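I opened this notebook to record, entry by entry, what I looked up in the structure. Each entry takes one topic.

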Amino acid sequence: MKGQELTRLTNIWSKVSRQDDRPVSRVVIESTRPLAYQLRRINQVVALTIDQAVPNMYCDTLAVYDGLINEITVQPEESNRVTVFITLNHQAPCAVSSTEGLPVRTFFSFDRAYLSDLFAERRIVIDPGHGGRDAGGRGPVDLLEKNVALTMARSLKNLLEQVNAQVWLTRESDFFLPPQERLGLAREKRAHLLISFHTNYSKDSRVGGLAINYNPAHPAGRHLAQLICTELVRKIKRTVLEIKADKELTALGTVPGLKIMPVTISNWVEEGLLRNPTFYEKIALGVMNGLSRYFAATQVQRYSGDTRV
Ligand SMILES: [Zn+2]
């Protein structure tokens with residue numbers, strides 16, 4: 001008699017997608033045979049213990065940070081057993097499904113309803129800095145701040161709309177817009193928040209990193225800037241240059257406003273990052289994760305009838 005064949009785990013990855021028209025964070029495990037697994041929950045960690053299995057891939061921790069799944073760790077154990085730890089940002093139901101064929105794919109789909117609830121009806125104005133005759137900063141290989149700011153803004157808009165936020169851009173294309181019109185849109189839409197995208201600039205091309213300015217007229221302005229900074233650094237791994245109050249943003253009154261400069265365009269390396277489309281997704285996710293921590297903390301106020309956060 002032949003001994004029981006081992007299941008080889010060949011790949012693991014994660015993606016935000018939809019299942020039955022609901023947004024889910026999906027962990028996909030590819031293997032040579034169907035998985036014999038047990039699922040346990042320890043607070044916000046989901047542990048999948050897979051029996052009669054060996055990893056046929058590099059085992060490490062995947063940093064996902066998609067707003068629900070934080071990290072995934074594959075850990076080989078003794079006696080042909082593998083444990084996959086999925087660390088969540090908050091509790092969420094999980095549905096399991098699989099496809100046959102080679103490789104066998106097993107999907108662990110975690111419901112993202114919490115994020116949609118958190119962002120539902122949040123009114124957010126996103127302002128791509130500069131535009132038209134005002135190009136803003138210029139990178140060493142001629143990338144223009146006005147263009148990258150628009151790409152950052154579009155990418156964040158897409159992501160926030162997926163979680164049911166109401167989002168407006170101050171400009172959708174390349175034209176000049178005076179500052180009062182940008183801030184005016186936030187007042188007109190009774191926005192909960194304005195996020196302005198720029199890039200930092202330095203005459204010294206060795207200087208690199210991110211900076212965030214906030215509206216000091218809002219009491220939680222600095223706290224919000226710090227949350228976004230922490231989450232951005234997690235995604236884009238840049239040095240923090242500064243977080244500071246910005247007088248210009250006080251024109252927003254008590255609406256929280258941020259000017260986010262995720263990178264320094266005058267730096268060779270960071271200009272290079274701006275040529276990669278996935279870099280914009282990382283920026284958007286970092287900002288969304290910071291906002292979600294902020295909204296989660298202010299939810300109490302929201303449900304007590306105060307819709308301004
Ligand atoms: Zn600028």
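Entry 1, cysteines. I began with Cys94, which is partly exposed, its relative accessible area being 23%. I noted beforehand that the model is a predicted one. I then looked up Cys59, which also counts as partly exposed because its relative accessibility is 26%, and partly exposed covers the range between under 20% and over 50%. My search for disulfides returned zero.

Entry 2, the metal site. Which protein residues are donors of the zinc ion? I found His130 through NE2, Glu145 through OE and His198 through ND1, at 2.0 to 2.1 Å from the ion. Along the chain, I read the spacing of these donors as H-x14-E-x52-H. I then placed the two histidines: His130 lies in the loop between strand 11 (123-128) and helix 2 (145-162), and His198 in the loop between strand 13 (193-197) and strand 14 (210-214). The pair is 68 residues apart and links distant parts of the chain. I checked accessibility here too, and both His130 and His198 are buried.

Entry 3, a sheet. I traced an open sheet of five strands, in the order 3-4-8-7-6, with antiparallel pairing. At its edges I found strand 3 (37-42) and strand 6 (61-63); each has a single partner strand, so one side of each has no neighbour in the sheet. The twist from one strand to the next averages 15°.

Entry 4, one strand pair. I followed strand 6 to strand 7 (residues 69-77), and the two pair in the antiparallel sense over three bridges. For Ala63, I recorded Glu71 as the bridge partner in strand 7.

Technical notes. Residues numbered from 1 in each chain as written. Predicted model: local features only at pLDDT ≥ 70, side-chain atom pairs only at ≥ 80, totals over all residues. Heavy atoms only, no water. Donors = N, O, S within 2.8 Å, 3.2 Å for Na, K, Ca; no water. Helix = DSSP H or I, 4+ residues; strand = E, 2+ residues; numbered from the N terminus. Buried < 20%, exposed > 50% of the residue type's maximum accessible area, 1.4 Å probe, protein only. Disulfide = S-S within 2.5 Å. Pairing = 2+ DSSP bridges. Axes fitted to C-alpha atoms, helices over the stretch in contact; angles between N-to-C directions.
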